[in-house]
Amino acid sequence: MDALSVWSEPSRTPRLLITSLNAVLQRIPPLEIIRNSRFSVRTGRHLERQMFEAFVRSTGYATESVADEPGELAIRDEVIDIFPAGATAPMRIVLSEDDEVVELKSYDPATQRTTELQDEMVFGPASEAIPADDGIKGERPSRSMELALLQLYDTMPTVFDVLGQCRVAFAPRAEARIDEYLDIVDDARQADDRFRAHDGPHPRSLYLDRAEWDAKIATLATVQLDVTAGNALPTAGEAGHPRRFREDVALANLKKGRKVVIAGRGRSLDALCQRVEKTSGRVCGEATAWDAVLKARAGSLIRLESDVEEGFVDEDRDLVLIPASEDLASLPSTGSALIEPEIEIGDVVVHEDHGISILSDLERVAIEGSERDAARLQFRDDASLLVPTEEFGKIWRYGSQAGSVTLERLHTDAWRKTQARIVKDIRSTARHLMKLARERQAAKAKRFVAPRGEYSRFARRFPYSETPDQLAAIRAVLSDLSSGRVMNRLICGDVGFGKTEIALRAAAAVALAGGQVVVIAPTTVLARQHFSTFQRRFGDTGVSVAMLSRLVKPSGAKAVKAGLVSGEISIVVATQAILAKDVAFSRLGLLIVDEEHRFGLKEKRAMSALAPALHTLAMSATPIPRTLQSAMIGIQDVNLLVTPPSKRRPVRTSLGQFDKASMRTALMREFRRGGQSFVVVPRIEDIGEVEAILATIVPELAIRIAHGKMSAADIDEAIVGFASGDGDVLLATNIIENGLDVPLANTVFIWRADKFGLAQLHQLRGRVGRARAQGFAYLVTEEGADVSEETRLRLSTLVENDRLGSGLSISMRDLDLRGGGDVAGEEQSGHIKAIGIGLYQRLLEQALLGLHGQKALDHRHSIVNLGVSGSIPRDYVSDPAVRFNFHVRLLQAASIEQVDDLEEEFEDRFGDPPEDVLILLRLTRLQIAAARFGLARLEAGPKALAVTLTPKTPAKAVTTLLKNVGSTRHDDRVVFERATQTGAERLSFFEKLLSLH
């Protein structure tokens, strides 16, 4: 609608609209609605609050505490955050007291920090259902947005009605695709007639039929566009220095005599132009329009102010365009995804002294004449406790839903005994981990360095460009293998993000250097697919690849085992069959474990016993909680693959009750576009019922079946045959969840989704949309049945995490719901179920420090009592959860620089900090500075001020303190005889004393 609104406005310049066949086939709201559904905000102008709030309310924006998803809005007094539905990033509107727009900033939805300043923002609606009078006519149907639109608008025009007389260019194969789409629309209409009951006349359709389409197209002139010219720029990950790749591209093309155009706006454009000028020795010419670029001489360096996000190389015109804005997605991830989520109001938490409770609210209490925050914790039997701000650091996120845990009783010894028992066990765990770490450090593993030429030739066989995360992981793995230390590394990447290529590179490094490699997969189907991949990639390299599973005939298995002993076989792809006692190796150097979360602890121990000092590479999209916990506390090295492959799109995920018409429409849509579909059931007993339903609603489709009671050979034949194109729908149990690659599969129905675990659902969703086609996942619950609130929340997690790379988020959620387990023991639920992951990590860290002979630092901050206190006012940060987490982050700040960053974040997100916040920040800096000097306390009264020394206070610091006028030492205290009237005076005195001024 944004694009059509712009198009409908008068313009003196030519206009170009890029759209899709899907979009032009759908009817649109009336033109009057489209024209009135845009809102403009500009710096220096007054914002009409009532008009703004009426607009966002009527156009579908949802008010939240934090705006981090499209269509969300967060309104505070002088700061408004909004994520326009059609934008790539949210915007922050900073207002003055009289509602003048002071600043417009785009910000990162994850960190909430500013990324760019803007002069103007124009945004459109978050919904197509926009009531003309800010009220819905009648009741909006709950079943679908399609019916809501048809009920809301009496007439709905087409896109062509808005475009008017213009020329239209179609992409290659557009005519064939429009036939497919029109068939899908017609089929959906028929399915609706067949499987749904209608009261009254047949409802209008939201989509054009074939006659309407033909009539509209007949009135328009068509043109042919050459879209074959031009190539993409290399990615940052392909460059030797990712942060300098744009300068490198510019220099390389200038040397070739090409025109180099640097496009962008603002500081990023200035900075890149200056760097390229400096390194190339040339001066940037200015171009105000594209015509000037085309007329420039060859070899020119040109600056162009333009909103360009992607660059290209035009071979025909001998020019290259480089965007000035940095592509953050092209740089390797840092691993911050392993950070524990922030605490929300209503979360289950654990207080170090009182146990498991619910953070029910953040209340304002009066203390010594000033209002401050206090956390209200709800315990068993309706008991509650108010926790002052100073103790927020003792509150840890527990994670589970409130209804699934037993809250602690206040004023009993139960929690103290529980904590004492767990601390004792954690110390035992810490000793075990220390032993493992010492053994790992002491173990001398064989170094593997492949011949450079052979390895490079192998790597060049990869038909795609590596993502930056892949390159970082490959470098880390090769470094591990050549270090002489035992590798224990986890590659955590979403389905289809390139984990297999990292495994191939690792295998090549070992096999080409003369070692043997075991690749172990949890199922025969996945093992067979890996065997095919490894065999193809290692063809003509001289490396022998074999497979060992229950599908291999006894004579073949015997030959493989003999080849492993003799060393004739370099790489074996296997299932658990490789763990048999009669399997031995000649020079085993590397174990690769795919779908790590599918194996139990006993199996993993058997794997590690295959050879002494064995390098291990584990891979998983959704690692089990114990593995994830190991990575979080640093026991296991980890690489995260969070950069999606080029042109890969997230699978659209929906949750709803079973509906025959919708199921037929989706399966036939997939069939008509040449794709395949999965229908997955939780039990073998469900196969017959669902097969009968499919035979009724899609009799024209070929159904194939796979489940665990079939023989291994039959399962293999069915699944691998389906992957090769045999059949339209594969009806199966979750036997297909592991690693199966079916390039044509883009739709999956998960029957009775409430019967599956989160990790299973994510893996099943990952079976579709692995190529460039849009994937669809439908989580289906029983028709007419209600699901529990806990189940609904669990399934909603998958729907909400439908972006690319969401596997780790789901694992973190699974860690919340299930607990992480004792990393040294067998039970998955473990002590984390008792005290939560956050407190468990803290206690384990303390135990490890104790074993190293270091005293755990419970408090990085000294105690400061000056008669002045700071706070975060409710009218400055309205959301209680955000206020709570800021308090926690201040208490956890380990350096003055971190406090400075928090001050910048306050200003960035909420505007200029008020005096209460500034005092809170100053006190925090003072606490950190005092702790650095080894001072235990800073105290002050009307007649004197004092510091309390500790054995760690440096003698030089004591000497410096005693040089101040009026200072005297009394045992472990230095007292300053000085009269002060206010807390602000005392704060300034200590700031000057500790050189904070």
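Two strands pair if DSSP finds at least two bridges between them. Keep that in mind for the hairpins below. The model is predicted.

**Exercise 1. Find the residue with a positive phi in the hairpin of β19 and β20, then describe the pairing around it.**

Step 1. Start with the strands. Five bridges join β19 to β20 (residues 384-388), and the two run antiparallel.
Step 2. Pick one bridge. Q378 has S384 in β20 as its partner.
Step 3. Look at the turn. Five residues lie between the strands of this hairpin. D381 has a positive phi near 60°.
Step 4. Check D382, which sits in the loop between β19 and β20. Its phi is positive too, about 65°, although D382 is not a glycine.
Step 5. Set this against the general rule. Most residues other than glycine have a negative phi.

**Exercise 2. Decide whether D382 is buried or exposed.**

Step 1. Recall the cut-off: exposed means over 50% relative accessible area.
Step 2. Read the value. D382 has 71% relative accessibility, so D382 counts as exposed.

**Exercise 3. Describe how β18 and β19 pair, and name the residue with a positive phi in their hairpin.**

Step 1. Locate the strands. β18 covers residues 355-367 and β19 covers residues 370-378.
Step 2. Count bridges. The strands pair in the antiparallel sense over nine bridges.
Step 3. Take one bridge as an example. L362 is partnered by A375 in β19.
Step 4. Go to the turn. This hairpin has two residues between the strands. E368 takes a positive phi near 50°.

**Exercise 4. Work out the strand order of the open sheet that holds β38, and say which helices touch the sheet.**

Step 1. Write the order. The five strands run β35-β36-β37-β39-β38, with mixed pairing.
Step 2. Find the edges. They are β35 (863-865) and β38, and each pairs on one side only.
Step 3. Add the twist. Neighbouring strands are turned by 15° against each other on average, direction ignored.
Step 4. Zoom in on one pair. β36 (residues 935-940) and β37 (residues 944-949) are antiparallel, with five bridges. L938 has V947 in β37 as its bridge partner.
Step 5. Place helix α31 (residues 955-962). This helix packs on the sheet and touches β36, β37, β38 and β39 (973-977). The direction of α31 makes about 130° with that of β38.
Step 6. Place helix α32 (residues 983-993). This helix lies across β36, β37 and β39, at about 45° to β37.

**Exercise 5. Explain why S967 counts as buried, and list what S967 reaches.**

Step 1. Locate S967. The residue is in strand β38 (residues 967-970).
Step 2. Apply the cut-off: buried means under 20% relative accessible area. S967 has 13% relative accessibility, so S967 counts as buried.
Step 3. Follow the side chain. One polar contact goes to the backbone oxygen of N964 at 2.6 Å. Another goes to the backbone oxygen of L961 at 3.5 Å.
Step 4. List contacts, leaving aside neighbours within four places in sequence. They are L961, L962, V974, V975 and F976.
Step 5. Compare the loop that follows, between β38 and β39, where D971 lies. D971 is exposed because its relative accessible area is 71%. Its phi is positive, near 55°, and D971 is not a glycine.

**Exercise 6. Say which residues touch the most other members of the largest nonpolar core.**

Step 1. Begin with the general picture. In soluble globular proteins, nonpolar side chains tend to be buried together.
Step 2. Name the residues. F534, F538, I571 and I578 touch the most other members of this 61-residue core.
Step 3. Find the main contributor. Helix α15 (residues 499-511) gives the largest share, nine residues.
Step 4. Follow one member. F534 touches A503, L504, A507, V519, V545, I571 and V573, not counting residues up to four places away in sequence.
Step 5. Look for a second core. Another core, of 37 residues, lies apart, and includes I872, L949, L961 and L994.

**Exercise 7. Say where pLDDT stays under 50.**

Step 1. Take the whole protein. Mean pLDDT is 82, and 85% of residues reach 70 or more.
Step 2. Find the weak stretches. Residues 237-243 stay under 50, with 11 contacts beyond four places in sequence. Residues 817-829 also stay under 50, with 52 such contacts.

Definitions and conventions: Residues numbered from 1 in each chain as written. Predicted model: local features only at pLDDT ≥ 70, side-chain atom pairs only at ≥ 80, totals over all residues. Heavy atoms only, no water. Helix = DSSP H or I, 4+ residues; strand = E, 2+ residues; numbered from the N terminus. Buried < 20%, exposed > 50% of the residue type's maximum accessible area, 1.4 Å probe, protein only. Polar contact = N/O pair within 3.5 Å; in protein donor to acceptor, adjacent residues only side chain to side chain. Contact = heavy atoms within 4.5 Å. pLDDT = per-residue confidence, 0-100. Axes fitted to C-alpha atoms, helices over the stretch in contact; angles between N-to-C directions. Core = buried A, V, L, I, M, F, W, Y, C linked by side-chain atoms within 4.5 Å.
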